[in-house]
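Colleague: I should be grateful for a close look at a single part of this model, with its surroundings and the side-chain pairs that involve it. Please state the criteria as you go.

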Amino acid sequence: MKKYQEIFNDLKDKIKNEVYPSDQLLPTEQELQDAYGVSRDTVRKALALLTDTGLIQKIQGRGSLVIKQEQVDFPVSGLTSYQELVQTHGLQSITQVLSLDLITVDSNLALLTGFERHSKAWKVVRTRSINNKIAVLDIDYLAEELVPHLTEDIARKSIYSYLEDQLHLDISYAQKEITVEPTSAEEKNLMQTKDDFLVLIRSRVYLSNAQQFQYTESRHKLDKFKFVEFARRKHSL
């Protein structure tokens, strides 16, 4: 790893841990040169990376301002559990299980979820709070055939950890649909919000043998998440 990348990572960690709080200036370029024992060019390369990742804004005549990070990056293409996401970002989060029921899949639910009609599925309704404010409403359906046992304690901690570590299921891929939807009265009540719209992510999740085990509807507040994707142009041969 090159020196400017090491400095970038160190400054990024210090911003994350609020050694350099939001809306405050970083040390000057000269101060950073002295602190890290490097050239001005190396410092500027590190600052350019911080700018590119949206952590600072260069202000003419003032320096580098730390930008307030109000939204969480939500990877569109990745298959990441909520607990993995909050751990990655170092967030304080609480999961509340509103209900956990074993239900029979009827015709309408079979069409929605992809599960067989008359099969059994767990229905789990949870809210996710970040900094004591509800940010996500999750409604999960899990095939009882593959998940014969489920408790509120498991649902509150991490269902995916339980499935992978205890049941040894090989979670592989998902098909996702992302839309912006009007917020219903029930959703406003459960999420304690007055927002008229939210982001809805519908996912069908599969094991490595292509067997579906989960259908999820995850509702996100618009001001809490930004949905990111890495794209590379495919050049013709």
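Modeller: The account below begins with the whole chain and then turns to one strand and its partners.

This is a predicted model, in which local features need pLDDT of at least 70 and side-chain atom pairs count only at pLDDT 80 or more, while totals for chains, interfaces and linings use all residues. Residues are numbered from 1 along each chain as its sequence is written, and side-chain values use heavy atoms, with hydrogens and water left out.

The protein chain has 8 helices and 10 strands; these are DSSP runs numbered from the N terminus, helices being H or I with at least four residues and strands E with at least two. Of its 237 residues, 38% are buried, where buried means under 20% relative accessible area, exposed means over 50%, and partly exposed lies in between (1.4 Å probe, protein chains only). Among contacts between residues at least 6 apart in sequence, 57% join residues at least 24 apart; a contact means heavy atoms within 4.5 Å.

The part chosen is strand β8, residues 197–207, which includes Ser203. Ser203 counts as buried because its relative accessibility is 10%. Leaving aside residues up to four places away in sequence, Ser203 touches Gln175, Lys176, Gln214, Tyr215 and Thr216.

Aromatic pairs come next. Rings of Phe, Tyr and Trp (its six-membered ring) pair if their centres lie within 6.5 Å; planes under 30 degrees apart count as stacked, over 60 as edge-to-face and the rest as tilted. By this rule there are 3 aromatic pairs. In one of them, Tyr160 and Phe213 have ring centres 6.2 Å apart and planes at 55°, so the pair is tilted. This pair links distant parts of the chain, since Tyr160 belongs to helix α7 (residues 159–166) and Phe213 to strand β9 (residues 212–220), 53 residues apart. Phe213 is buried at 0% relative accessibility, and Tyr160 is also buried, at 13%.

Another pair involves strand β8 itself: the ring centres of Tyr173 and Tyr206 are 5.0 Å apart with planes at 10°, so the two are stacked. Tyr173 lies in strand β7 (residues 171–182) and Tyr206 in strand β8, and the pair links distant parts of the chain, 33 residues apart. Tyr206 is buried, with a relative accessible area of 12%, whereas Tyr173 is partly exposed at 34%.

Charged side chains complete the picture. A salt bridge is a side-chain nitrogen of Lys or Arg within 4 Å of a carboxyl oxygen of Asp or Glu, and the whole structure contains 16 of these salt bridges. One of them joins Glu181 to Arg202, with the closest N and O atoms 3.9 Å apart. Glu181 is in strand β7 and Arg202 in strand β8, so this salt bridge ties together parts that are 21 residues apart in sequence. Glu181 is partly exposed at 24% relative accessibility, and Arg202 is partly exposed with a relative accessible area of 24%. Through shared partners, salt bridges join Glu177, Glu181, Glu187, Arg202, Glu217 and Arg219 into one network.

For a salt bridge within one helix, Arg156 and Asp153 meet at 3.3 Å, N to O. Both lie in helix α6 (residues 152–157), 3 residues apart, about one turn of the helix. Arg156 is partly exposed at 38% relative accessibility, as is Asp153 at 33%.
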